[in-house]
Every structure is written in structure tokens, then in C-alpha cells.
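I sat down with this one and kept notes as I went. Here is what I looked up, entry by entry.

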Amino acid sequence: MENTLIKNPIILQILEKYRIIWALNHLGALGHWDMETYMPQEGARARAEALAKISVLNQSLFLEKDFVSLIHEVEGEKLNDNEKAIIRVLKRTLKYYQKLPPDFIEEFTRVVNESNVEWRKARSNNDFSLFAPYLEKIINLSKKKADLLGYTEHPYDALLDEFEEGLTTKEVEAYFSKIKGPLISLLNYIKASSKYKIEHELEKESYDTARMSALNHKLLKKIHYNLNHLRLDVSAHPFSSSIAPSDVRMTTRYEGTDFTRTYSSVMHEYGHALYDLQSHEDLYFTPIHGGSSLIIHESQSRFWENIVGKSKEFLQSIYEDIVEASPELKKYSIDQIYTHINRVKPGLIRVDADEVTYHLHIMIRFEVEKALIEGRIKVSELAEFWNDKYESYLGIRPKTYSEGILQDVHWSHGSVGYFPTYSMGSALSAVWKKEIEGKLGKISDLVQTEEGIRKIQNWLKDHIHQHGSTYLYQELVMRISKREFKPEELIEYLEEKYKNLY
Ligand code: MG
């Protein structure tokens, strides 16, 4: 069948060749998913070897002369938005492969593999000194990587760009400077409220894992329209992985207490999954199928997690199912569940943070990473630097390394520059809420019926998902809302919601 979006004959030739790279990526993703879910533990070594070889093969296919020259041949051609995006994404990967020499990649991979092992040890032993020398290596290699990739203003720009195309230090700084003051004021307002309460009985309520798993599957059946292209399994850290256009795998975990944690992770990962599933079918097998912008992706997951999943109306619509899965919860009213799931509680752990304090956790990480890259702080001083920031922004100070500087896996993966996309993506979800409400009416009304949920999904498909990675996040905001992305919209959303709750 003829492709309705992609017409340029050179691009069609490129895509023909790209299909084998796509196929390798497809099997690589499946290998990763299996490793995190069902693979017996002892399979790890062979799998790591197979995945490493697949990525080497992928790189060499990418760098084949014919393929590279086709990418250059397109220059000067008149292309539509999708075609331009295909070239943009391919050139980006090409730049990465061409600028980072194989010995650098090898060293980086080796250090990351060792770091990850040491980080796990350090975290479980609460001993920062075990991880510090590896972190130091990662920071030095990241600086080197920034130099190799190139940047115009700040070395951290090159690292941010790896996770969000074109994102700069200046942009992230401007973003946080706009939300920092209002967030701290809102947090102070909440803490002064008579309704402010750190503990909630519900967080200690245990549940039966099998019944909770049944509830999660029922939940997906309720919100999703075709379960033939979606799976939900269990992994240590919840994730969503797009294996193929109509094969997306999600995972969650069962802590055994407080059902809202597994529930929220399912809603979150569903947002990621839906983005990939609703891409235009003519973008199948191209490098722009699904979302590649982490900011846009996170705006989808946070939309389903917080704006849909934590609304009283949606919770009400599944209340019967919740108490059926966990009869002990019958003693809690929907109001109690709603206030528990939206409880603001300054804590030390980012992944447990509420919608308000979450951004402060991210801001701290941004400030820490920037200071490290600028060489303003040494790794040996880092734990204190981190703790001081928690004390100053959140009013609490970590007592152990494990609940402080050692809590996140990112640095041990070699990911420096990733964190800002979490906060900016959440902020973007508030923009989508406003846009949807302007066109379709209140989300709180829409989520009460299947028809309303379909309307939300269709809006997301038409405006965001179908384009895959065609547009960068600022471009997408402009196309949809006819205005620039403004961090203030996050504050408006949070103030409206939380001044009602507290
Ligand atoms: Mg996410």
C-alpha cells in the first residue's frame, strides 16, 4: 500500500534500508523487555553480550557508505514535515556515531557497567565512598563526551541534548527560575493548612498481589480500547517499551502495601504506551514512529497518572473495583482515597514525591549536575552539597547516603542531563489539560464515561500521538495552543488543584 505521508523517492529508499536497522532494534527491545521480566537470572551474561553485539551491528549498518550518502543526497530536496523529521532524526544518530570514537564508546560502556554494579553495592551498604570514584569517572567522561559532541554555550548543553533534542542549560535555568519561588510558596501554604497531614492510614493497608494484578488488568481494559496490542507484566522498576507499532509492553510492581503506588505506575506507563500505539500507521518502521522527545513522552505519562488517574471522578468510577480487589479499603470513602493519593508530603525520595514537591527534587538534581560539569564542586563534597539543598528547598535533611545522593540509578547508567525532562514533561501535561478542556470540556467530566475517555484519547492522537517524533516539544505546543510553552501554566494548574485540597 502506498505511504500517504512519505512520498520523496530518496527518503523511501532510505526507509527501505532502514528497515533492517529497525528489525535489529525490534529484537533488541524484545531482549531488554525479556531481561527485565521473565529471563532466568543466569541468562544475564549471554543477553548482555547479544545486546552489545546487536548494537555494534546496528552502528555499522548505520554507517554504511550507501546509507550515509543517501542521507546527504536529500539535502536541497523539498520535503514535508514528516520527511524532514526522518532526516533530522537520522542525522542526529549519525552525528553521535561519527563524533564519538569507538574507543571512547567502549570505555564509556565499560565504566557504566562497572559503575552500575558498584552503585548497587554502595546503595545497599549506605556507603558513598564505594560509588564516588566511579561517579568521578562518569563525570569526567561526560565532560569529554560534551567536548566530542560539541556545543556553543555550555558543555551541559551537549549532555541535555542527548535526552531532549536542542534543550539548553539556559532554557532549563529559565524554566526552574520561573517555578522555584511559586512552588516554595505553594508548599508553605500547604504546610500551614489545617488539613496538612504527613501520615495517612491508607499507606499501611496491605493487599493481595494476585487480586491487585487483576484490578490493574481490569483498569487497562476499562481505559484502553484494544488490549490485543498491549501487555502488562511485572518488573523491579516499572517501564513501558514499544516493541512494534502494535506491540507495546508495560510493567508495574507490587509492593504489597498502599495500592495507589502500583495503580499510579500503571496509569503512568499507560500514558507512555498510548503515545507509541497511536502514532500514524504510515510512520511504522521509520525512525519517527512513536515519541522520541522525553519531554513530550513524560507529558503523556504524567497526564494519565496525575490529571486523569488522580482525579476524584476517575477514582470514583473505579471505586467498586478497588474495594473488590482489596476489601479492607471499604472503610475508606472516595474522599479519603482522593486526599491520600494527592497528599503533599516533602520527602527525601524522588520516586515517591507528590506533584508539588516533585519539581524541587528535579531542580536539585539539575543544580548538582550543572555544578559537577562546571567543576564548581568535587565529587567528594557532593553528599553535603546535596543534603544542604534538600534542607533548603524541602526542609528535610537526608540522614543516610541511600536516601540522599545514592538514590537514583541514572548516573550509574552514565545518564547525566536526563532529569530536567521529568519536570518539564510534567509541566507540559498541564498545557495539554488546558487545551483539552478548552475544546472538550472538563477532564473531570470526561473521565467519568468510556465515551469521554475515548474523546481524550482521540484528541491526544490527533494533536500529539499521530505525529510520532515529527515535532520538537516547543514546536508542538505552538502548533496546538498557538502560544509558547510557559512554565507558569504548571503553577496555575498546581495552585488551582492544591488550594482546593488544602
Ligand atoms: Mg515516565
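**The strands**

I started with β1 (residues 230–234), which runs parallel to β3 and is joined to β3 by five bridges. A note to self before going on: this is a predicted model. Within the β1 pairing, I found Asp233 opposite Thr251 of β3.

Next I looked at the other neighbour of β3. Strand β2 (residues 240–244) pairs with β3 (residues 247–252) in the antiparallel sense, over four bridges. Two of the facing positions went into my notes: Ser241 stands opposite Arg249, and Ser242 has Val248 as its bridge partner. How many residues lie between β2 and β3 in their hairpin? I counted two.

Then I asked myself whether β3 is enclosed or open to the outside. Five of its six residues are buried, so β3 is largely enclosed by the rest of the structure.

**Arg249 again, and another arginine**

Arg249 came up a second time when I checked charges over rings. Its charged end sits over the ring of Trp33, 4.4 Å from the ring centre. I also found Arg365, whose charged end is over the ring of Phe419 at 5.6 Å from the centre.

Those two names led me to Asp408. I located Asp408 in the loop between α15 (382–394) and α16 (420–440). Which residues does Asp408 contact, leaving aside neighbours within four places in sequence? I listed Trp119, Arg350, Arg365, Trp386 and Phe419. So both partners of the Arg365 charge-over-ring pair are in contact with Asp408. Asp408 counts as buried because its relative accessibility is 10%, under the 20% cut-off.

**The metal site**

I went to the magnesium ion next. What coordinates the ion? I found His268 (NE2), His272 (NE2) and Glu298 (OE), at 2.2 to 2.4 Å. Along the chain, these donors follow the spacing H-x3-H-x25-E.

Both histidines lie in helix α10 (residues 259–277). They are four residues apart there, about one turn of the helix. I checked their exposure too: His268 is buried at 12% relative accessibility, and His272 is also buried, with a relative accessible area of 12%.

**Leading into α10**

Going back along the chain, I stopped at Asp258, in the loop between β3 and α10. Asp258 is not a glycine, yet has a positive phi of about 55°. That caught my eye because most residues other than glycine have a negative phi. Asp258 counts as buried, at 7% relative accessibility.

I found another such case at Asn126, with phi near 55°. Asn126 is in the loop between α5 (102–125) and α6 (128–149). At 30% relative accessibility, Asn126 counts as partly exposed.

**Cores**

I pulled up the largest nonpolar core, which has 126 residues. Trp304, Phe314 and Trp411 have the most contacts inside this core. Apart from it I found another core of 27 residues, among them Leu61, Ile86, Val89 and Ile288. A general point for the margin: in soluble globular proteins, nonpolar side chains tend to be buried together.

I looked closer at Phe314. Not counting residues up to four places away in sequence, Phe314 touches residues including Leu219, Ile223, Tyr263, Met267, Val308 and Val447. Lys222 and Gly309 are also among its contacts.

**Aromatics**

A search of the whole structure gave me 21 aromatic pairs. One is Tyr284 with Phe285, which is edge-to-face at 6.1 Å centre to centre, with 90° between the planes. Are these two rings' residues buried, exposed or partly exposed? Tyr284 is partly exposed, with a relative accessible area of 26%, and Phe285 is partly exposed at 25%.

I also noted one aromatic cluster, formed by Tyr156, Tyr175, Phe176, Phe366, Tyr473 and Phe485.

**A lysine on a loop**

My last stop was Lys330, in the loop between α12 (312–325) and α13 (334–341). Is Lys330 buried or exposed? Lys330 counts as exposed because its relative accessibility is 59%, over the 50% cut-off.

Leaving out residues up to four places away in sequence, I found Lys330 touching Tyr319 and Val323. Lys330 and Tyr319 are 11 residues apart in sequence, and their C-alpha atoms are 9.3 Å apart in space.

Definitions and conventions: Residues numbered from 1 in each chain as written. Predicted model: local features only at pLDDT ≥ 70, side-chain atom pairs only at ≥ 80, totals over all residues. Heavy atoms only, no water. Phe/Tyr/Trp six-rings, centres within 6.5 Å; stacked < 30°, edge-to-face > 60°. Buried < 20%, exposed > 50% of the residue type's maximum accessible area, 1.4 Å probe, protein only. Lys NZ or Arg CZ within 6 Å of the ring centre and 35° of its normal. Pairing = 2+ DSSP bridges. Donors = N, O, S within 2.8 Å, 3.2 Å for Na, K, Ca; no water. Core = buried A, V, L, I, M, F, W, Y, C linked by side-chain atoms within 4.5 Å. Contact = heavy atoms within 4.5 Å.
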